[in-house]
Amino acid sequence: MTCLRPASLLHFSCPERGISLHPHDTSPWFDPTSPLCRSPYGAAASGDKVTFTLRPLRSRGFVRGALTARWEFDGDRLSELPLPWVGWDGDRDLFSASLDTTGYVGLVWYTLRLEKRNGESEELGPFQLTVYDGGESVPTWFGEGVTYQIFPDRFHRLSLPDPTGMVGGRTIHPGWEEEPEYRPNEHGEIRNRDFFGGSLPGVEEKLPYLQSLGVETIYLCPIFEAPENHRYGAADYEKIDPMLGTEEDFSRLCRKAHALGMRIMLDGVFNHTGYVSRYFNAQGYRDTPGAWQSQSSPYYDWFTFQSWPNAYNSWWGIYSLPTTNKESQSWLRYITGENGVIRSWLRAGADGWRLDVADELPDFVVHAIHAAARAEKPDAVIIGEVWEDASHKIAYGLRRRHVLGGHCDGVMNYPLRSGILSFLLGGDGGSLRRTVETQRQNYPPWAFSSGMNSLGTHDTPRILTLLGEGSDHKGDTSRDWRSASRLSPEQRAIAVRRLKLGSLLLYALPGSPTLYYGDEVGMEGFEDPFNRRPFPWGKEDGHLLAWFTALGKARKELLPLRRGTLAWLPVPGQTAAFVRSLNGESLLTAVNAGETPALLELPGGADLPLPPMEGQLLRQTPECTWQILLKT
């Protein structure tokens, strides 16, 4: 560790002095991200009174203001609130009033207006105000620690499996380092029926490795019996895929993970099942009739047929993934009942669920899943797959209630991933700050802090490849080219530097920093299946592994990174800097993603020099000097 003691840094304010590092508003007269203009900051709990303050320059001559609110979840009810003049602040007039949210949960879209004596007016908006259920209690364990996402078939195998008798007509790669099948068959289909044989006992064997990375949550892609290697088309929700192991293997994995301070999150794929599932049974693999075979099947109303049996709803028109009928009461009981899928696997040892394509599940289904999970295990967590801002997501023409309370405790944070990628590839730090602050404005505090924050997943190209190539090349290259492609030494060197910067941001911001298996050791690859190659045991990038190990240790041990407040420093260009504080301890994260040196101006007139492509994590000492804990 290095302790910085230049005189200029001695003036950096101690947190006890109450100095706000949040930038002042820069709009003409209202900035929704400034506590000077809207208080309390961010989303409001139902029952809060939200104060709006307009701050025009006195020279503008405004004499009155008004706020028009549209209460979307209350039939688009409109109300108007006068904003009288209440005083001044320096050269700015102040117009202010409070909006009472008692009895309401939903979105409020508000527009602000200022008027002059002669009738001239100016208007801003609409802006979003999220009003959430303030009685919601969300466990904090998920958002505080590191999550590790595992694609089970490709993580670690102990022996070569025998696929005889397993559903799906599977093939096994004898070589762990072989390329996954990526070419379409004679029917133009990519079947995903090639397996490598990773297993739950294989994950169990690597628990010490995961613990060394500071992992506190293991998120497993689907583990239930299914014909494809990704297992997103379940054949039987009640059965572990035999290639992965048994229910006892799963429960033992959970027990051993718990003993090491880790929890297990399962992937719940309830929007659709498999074509050859016990529920649909299109190929007659099962002894009992499924919906495709008989209209007398107990599963018949679990699906929607236009013309039975060959015309039915399926996910994105993919025939092998028939969509479930969410209006079926027997289906809902099967998923959320006392002995249903959700509660049974929590009982077997799981600690939470990630909901696949959560947007495609009606609100009442997500609420039932949430209620079932909490009933079985009060500290169980539900995380939704949502690619956009979950607070105002519209799916199938309906505004979703994802983060209003009683639905998702957090969501996959793809907007943050996009913001960090843009920043690392040439964007400015102000844009990254706006991305984060927009979420903090729109999400309840518990949802903001429980985001599944990642730079890569099984649905995106490998982060190292994107940072080295600058593009996914999907529209300008062939699949053969993308299969064979590897970063040049020069590309890889710059990609590694960028990845270290991006991961520093990820581990220092609120929400759970989530590692996609193998990113920590430098795996490359474009889209599926190239991003799902087997983990390169014995050929890891030791430099990157050491970096992610250090990050995991910092996230586990430094409390401000786990649950501290967040305040941004105003910095220029392609730099970003913020402070996390808790109980008198402050940590500063500063990143220069540009190619020229940067000088960060700190409060009190101090300067912090940052070389090109460098990031630092610093801790404030009792003497108000700064000690470097990590440097990229």
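**Figure 1. Helix 13 packed against helix 14 in this predicted model.** Helix 13 and helix 14, the latter spanning residues 542-557, have axes 10 Å apart and pack at about 10 degrees. An angle under 35 degrees counts as roughly parallel, so helix 13 is roughly parallel to helix 14. On the helix 13 side you will find Val496, Leu499, Lys500, Ser503, Leu504, Leu506, Tyr507 and Ala508. These meet His543, Leu544, Trp547, Phe548, Leu551, Gly552 and Arg555 of helix 14. By class, the contact comprises 10 nonpolar, 3 polar and 2 charged residues. A handy reminder for reading such a face: an α-helix has 3.6 residues a turn, so residues three or four places apart point the same way.

**Figure 2. The largest cavity and its lining.** The whole structure holds 4 cavities of 30 Å³ or more, and the largest cavity encloses about 70 Å³ of space. Which element gives the largest share of its lining? Helix 13 does, with 4 residues. Helix 13 (489-508) and strand 26 (512-516) are the elements that give two or more residues to this lining. Lining residues include Leu499, Ser503, Leu506 and Tyr507, each of which also takes part in the contact of helix 13 with helix 14. Phe548 is another lining residue, and Phe548 belongs to the helix 14 side of that contact. Also in the lining are Leu455, Gly456, Ile463, Thr514, Leu515, Tyr516 and Asp519. The lining divides into 8 nonpolar, 3 polar and 1 charged residue.

**Figure 3. Helix 8 alongside helix 9.** Helix 8 covers residues 414-424 and helix 9 covers residues 429-442. Their axes come within 9 Å and cross at roughly 170 degrees. Angles over 145 degrees count as roughly antiparallel, and helix 8 and helix 9 are therefore roughly antiparallel to each other. Helix 8 contributes Pro415, Leu416, Gly419, Ile420 and Phe423 to the contact, while helix 9 contributes Gly429, Leu432, Thr435, Val436 and Gln439. The class split is 6 nonpolar, 4 polar and no charged residues.

**Figure 4. How helix 8 is covered by its surroundings.** Helix 8 is mostly covered, with 8 of its 11 residues buried. Tyr414, Leu416, Arg417, Gly419, Ile420, Leu421, Phe423 and Leu424 are the buried ones. The elements covering them include helix 9, helix 11 (463-469) and helix 13. Strand 25 (452-454), strand 28 (575-582) and strand 29 (585-592) are also among the covering elements.

**Figure 5. Threonine 589 and the loop before its strand.** Is threonine 589, in strand 29, buried or exposed? Threonine 589 is buried, at a relative accessible area of 1%. Leaving aside residues up to four places away in sequence, threonine 589 touches Leu504, Ala508, Ala576, Ala577, Phe578, Gln616 and Leu617. Asparagine 583, in contrast, sits in the loop between strand 28 and strand 29 and counts as exposed at 75% relative accessibility. Its phi is near 50 degrees, a positive value in a residue other than glycine.

**Figure 6. The largest pocket, with tryptophan 316 among the residues nearest its centre.** This pocket holds about 1300 Å³ of space and is lined by 38 residues. Trp315, Trp316, Ile318, Asp459 and Asp528 lie nearest the centre. The lining divides into 13 nonpolar, 8 polar and 17 charged residues. Tryptophan 316 lies in the loop between strand 19 (311-312) and helix 5 (329-336). Tryptophan 316 is exposed, with a relative accessible area of 70%, and has a positive phi of about 55 degrees although it is not a glycine.

**Figure 7. Phenylalanine 52 and its neighbours.** Phenylalanine 52 lies in strand 4 (residues 49-54) and is buried, with a relative accessible area of 0%. Beyond residues up to four places away in sequence, the contacts of phenylalanine 52 include Phe30, Cys37, Arg38, Leu67, Leu83 and Phe95. Ser96, Ala97, Leu99, Tyr110 and Leu129 are also among the residues touched by phenylalanine 52.

**Figure 8. Two cis peptide bonds that end at a proline.** A cis bond joins serine 39 and proline 40, with omega about 5 degrees. Proline 40 lies in the loop between strand 2 (38-39) and strand 3 (44-45). The bond from glycine 125 to proline 126 is cis too, with omega near 5 degrees; proline 126 is in strand 10 (residues 121-132).

Notes: Residues numbered from 1 in each chain as written. Predicted model: local features only at pLDDT ≥ 70, side-chain atom pairs only at ≥ 80, totals over all residues. Heavy atoms only, no water. 1 Å grid on protein atoms, 1.4 Å probe; cavity = no way out; pocket = protein on both sides within 12 Å on 5 of 7 lines; lining within 4 Å. Points joined across faces, edges and corners; volume = space filled by probe spheres on them. Nonpolar A, V, L, I, M, F, W, Y, C, P; charged D, E, K, R; others polar. Axes fitted to C-alpha atoms, helices over the stretch in contact; angles between N-to-C directions. Parallel < 35°, antiparallel > 145°, perpendicular 65-115°, else oblique. Contact = heavy atoms within 4.5 Å. Buried < 20%, exposed > 50% of the residue type's maximum accessible area, 1.4 Å probe, protein only.
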